[in-house]
Amino acid sequence: MTSCFDIIVVGGGHAGCEAAMAAATLGSSVLLVSPDLNGFAKMSCNPAVGGIAKGQIVREIDALGGWTGVVTDAATLQFRMLNRSKGPAMWSPRAQCDKLAFSLKWREVLLSCSNLSIYADFVENLLFENGVLAGVRTITGAIFKSQAVILTAGTFLNGKMFIGPHSFEGGRIGELSAYHVSDQLAALGIPTARMKTGTPPRIDVRSVDLTKLPVQVGDPDPARFSFLDIPSAIQGGAPQMDCYILHTNEAVHDILRSGFDRSPLFTGLIHGRGPRYCPSIEDKLRTFADKDSHQLFLEPEGRNNDEYYLQGFSSSLPLDVQLDALHAIPGLQKCVVFKPAYAVEYDYFDPQYLHYSLESRVVDRLFLAGQVNGTTGYEEAAAQGLMAGINAHRKLKGEEPFILRRDQAYIGVLIDDLINKGVDEPYRMFTSRAEYRILLRQDNADFRLTELSHEIGLASEERYAAVCRKKEQVAELQEYCESKKVRADVVNDYLESVGSAPLSDSRKLAELVARPELSLADLMKIVPHGTFSPEVVESVEIGIKYAGYIEREKQQAEKNNRLEYIKIPADFDFDKVQSLSIECRQKLKRYRPATIAQASRISGISPADISVLLVYFGR
């Protein structure tokens with residue numbers, strides 16, 4: 001066993017796994033230090049991947065050559081494309097997963113990488129030699145040297161768990177906290193604060209009366225996350241598993257409120273801010289006091305597992321209150337609890353002290369990714385890990401950072417928001433955070449990102465060849481739609497059957513596809529042309545139906561991107577530009593934006609300040 005590596009990744013969660021694989025695939029020697037060798041990318045909370053905007057992120061990770069999409073497909077229990085009733089900018093894939101199979105698949109992926117070593121331990125301290133980051137020391141006394149460190153410790157830094165008045169150490173129930181690292185970084189000048197998250201109880205499905213619960217089934221023709229031509233578990237023949245819908249009621253709420261005087265959220269034991277968009281059940285009752293019911297979902301955690309996840313019922317209330325409330329929910333009157341709900345409070349670091357590469361502005365060659373940067377969610381963590389792994393490798397090779405713009409990827413939006421806006425609560429991605437949603441669709445992530453990743457050596461030849469073939473097929477079908485004329489007598493029966501106005505003379509196929517009520521797949525049954533995958537047909541249809549919106553967003557992005565090319569010298573003295581407001585100068589000195597565009601997105605920088613900078617730089 002060697003003790004010297006190019007890069008050490010601390011933490012084997014979703015961020016750590018992607019970081020380790022990215023750096024190792026690019027050619028760096030990598031050590032992944034994680035205490036549980038069977039718990040890689042463990043699903044601490046919801047056993048699902050994807051969802052609104054999160055599904056887009058996973059497809060971007062896959063398009064770049066990451067592994068979350070591949071692993072998700074291998075562990076899928078149920079697949080749904082959310083928001084199909086809305087426009088394609090809102091379509092978001094989501095997969096319910098077998099959480100044990102998910103972790104074991106990640107272990108298989110990690111062990112298959114020749115440049116990657118794994119060691120089971122907790123990191124206690126970062127090591128420095130002559131003021132330069134030089135490696136890590138573990139709690140067992142092992143010392144590993146490296147040129148760079150990627151910290152992805154999740155909720156484990158000084159982690160503390162709460163169930164009513166009872167608190168105990170841990171970043172996840174049954175697992176120890178990690179100490180000293182956050183104190184060490186705070187002493188070096190990286191601001192540190194506390195955040196809180198929580199998770200619901202796990203229930204023995206054998207004790208649930210499922211006959212009383214509405215069923216939520218998967219898509220009849222399920223898709224997958226990865227752009228690679230590898231069928232998912234359910235595409236390969238495994239049956240989809242059902243989820244179930246439940247609702248709380250006033251009796252449940254009364255029981256929950258009876259425990260508020262013992263809730264650590266309300267008694268002051270918990271100081272960290274929790275996620276606004278995934279609140280605990282007691283938070284819901286306080287925030288939405290007028291609602292007499294809240295929807296819950298009962299979701300499987302494994303194919304050969306009776307443990308089900310009660311989404312929407314995360315809590316830190318006392319155990320007796322939790323149990324009484326659960327037994328008042330229709331269908332759960334006799335339910336048996338495998339694991340109670342609990343809250344976790346943990347340390348995170350101000351992401352505004354990061355470069356766009358996710359390297360610390362304070363400690364050279366230290367990269368931070370995942371919940372340590374104030375985010376929440378597996379997908380946001382995995383995306384940061386991937387980018388940190390890429391950029392740690394490129395840093396050691398003396399290459400420019402790999403940065404994605406806001407018009408290129410949701411990953412670009414995520415990192416830009418973290419650095420320019422900071423966080424005061426756990427950050428979760430939504431489609432509403434992106435100003436170029438029609439450009440950043442889940443279906444075109446490979447078109448947007450695979451070639452960029454292939455150029456830096458991460459996306460494989462297989463991925464690059466696949467996206468090239470897809471582009472050729474899309475271009476062929478697009479040209480056919482724009483040139484093929486369809487006679488009225490050939491298509492009118494179909495048009496009338498779907499309530500669309502009949503034709504009086506021939507029309508180009510693209511004109512018909514542009515009608516909202518018509519489907520290109522159905523039209524091609526009438527005027528067939530070759531054989532194309534559903535993904536290619538969907539891509540062409542979206543391109544035709546939303547051509548005006550797509551072109552408008554492209555023009556807006558090109559206009560805004562001009563500011564990306566106006567550089568600000570790293571040592572520029574903002575104080576000499578007296579026309580800038582005092583707040584602006586203070587923030588520009590603190591965050592040191594590299595371009596005018598980056599400066600424009602810092603909270604507190606006004607359009608007037610940007611105009612002053614443009615004039616100063618002669619633009």
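Which residues in H12 and H13 meet? The legends below take up this contact and further close-up views of the predicted model.

**View 1. Helices H12 and H13 cross obliquely in the predicted model.** On the side of H12, the residues in contact are Asp446, Phe447, Thr450, Glu451 and His454, and they meet Glu461, Arg463, Tyr464, Val467, Lys470, Lys471 and Val474 in H13. Helix H12 spans residues 445–456, and its axis comes within 10 Å of that of H13, with a crossing angle of roughly 140°. Angles over 145 degrees would count as roughly antiparallel; H12 and H13 are therefore oblique to each other. Their crossing is left-handed.

**View 2. Lys471 is placed over the ring of Phe447.** Both residues belong to the contact just described, Phe447 on H12 and Lys471 on H13. Lys471 lies over the face of the Phe447 ring, at 5.8 Å from the ring centre.

**View 3. Helix H13 also packs against helix H17.** Helix H13 comprises residues 461–483 and helix H17 residues 534–545; their axes are 9 Å apart and form an angle of about 50°. The two helices are therefore oblique to each other, and their crossing is right-handed. From H13, the contact involves Lys470, Gln473, Val474, Leu477, Gln478 and Cys481. From H17, Glu535, Val536, Val537, Ser539, Val540 and Ile544 take part. Lys470 and Val474 of H13 appear in this contact, and Lys470 and Val474 also meet H12.

**View 4. Helices H2 and H10 run roughly parallel.** The axis of helix H2 (residues 54–63) comes within 9 Å of the axis of helix H10 (residues 378–396), and the two cross at roughly 30°. Angles under 35 degrees count as roughly parallel, and H2 and H10 are therefore described in this way. The crossing of H2 past H10 is left-handed. Lys54, Ile57, Val58 and Ile61 are the contacting residues in H2, and their partners in H10 are Glu379, Glu380, Ala382, Ala383 and Leu386.

**View 5. Ala53 has a positive phi value.** Ala53 is located in the loop between strand E3 (48–50) and H2. Its phi is near 70°, a positive value in a residue other than glycine. With a relative accessible area of 0%, Ala53 is buried.

**View 6. Arg365 likewise has a positive phi value.** For Arg365, phi is near 70°, again in a residue other than glycine. The residue is situated in the loop between strand E19 (342–349) and strand E20 (366–368). Arg365 is partly exposed, at a relative accessible area of 26%.

**View 7. Thr197 is a buried residue of strand E12.** Strand E12 covers residues 192–199 and includes Thr197. The relative accessible area of Thr197 is 17%; because buried means under 20%, this residue falls in that class. Thr197 and Tyr342 are separated by 145 residues in sequence, yet their C-alpha atoms are 8.8 Å apart in space. When neighbours within four places in sequence are set aside, Thr197 is in contact with Thr155, Pro275, Ala343, Val344 and Tyr346.

**View 8. Tyr546 and Tyr549 form one of the 9 aromatic pairs in the structure.** The ring centres of Tyr546 and Tyr549 are 6.3 Å apart and the planes lie at 50°, so the pair is tilted. Tyr546 is partly exposed, having a relative accessible area of 24%.

**View 9. Phe572 and Phe617 pair within an aromatic cluster.** This aromatic pair is tilted, at 5.3 Å centre to centre and with 45° between the planes. It links distant parts of the chain, the two residues being 45 residues apart. Phe572 is in the loop between helix H18 (547–561) and helix H19 (582–591), whereas Phe617 is in the segment after helix H21 (607–616). Phe572 is buried, with a relative accessible area of 8%, while Phe617 counts as partly exposed at 23% relative accessibility. Together with Phe574 and Tyr616, Phe572 and Phe617 form one aromatic cluster.

**View 10. Arg84 is placed over the ring of Trp91.** Arg84 lies over the face of Trp91, at 4.2 Å from the ring centre.

Technical notes: Residues are numbered from 1 along each chain as its sequence is written. This is a predicted model: local features need pLDDT of at least 70, side-chain atom pairs count only at pLDDT 80 or more; totals for chains, interfaces and linings use all residues. Side-chain values use heavy atoms; hydrogens and water are left out. Rings of Phe, Tyr and Trp (its six-membered ring) pair if their centres lie within 6.5 Å; planes under 30 degrees apart count as stacked, over 60 as edge-to-face and the rest as tilted. Buried means under 20% relative accessible area, exposed over 50%, partly exposed in between (1.4 Å probe, protein chains only). Helices (H or I, at least four residues) and strands (E, at least two) are DSSP runs, numbered from the N terminus. A charge sits over a ring if NZ of Lys or CZ of Arg is within 6 Å of the ring centre and within 35 degrees of the ring normal. Axes are lines fitted to C-alpha atoms, for helices over the stretch in contact, and angles run from 0 to 180 degrees between N-to-C directions. Angles under 35 degrees count as roughly parallel, over 145 as roughly antiparallel, 65 to 115 as roughly perpendicular and the rest as oblique. A crossing is left-handed if the near helix is turned anticlockwise from the far one by less than a right angle, and right-handed if clockwise. Contact means heavy atoms within 4.5 Å.
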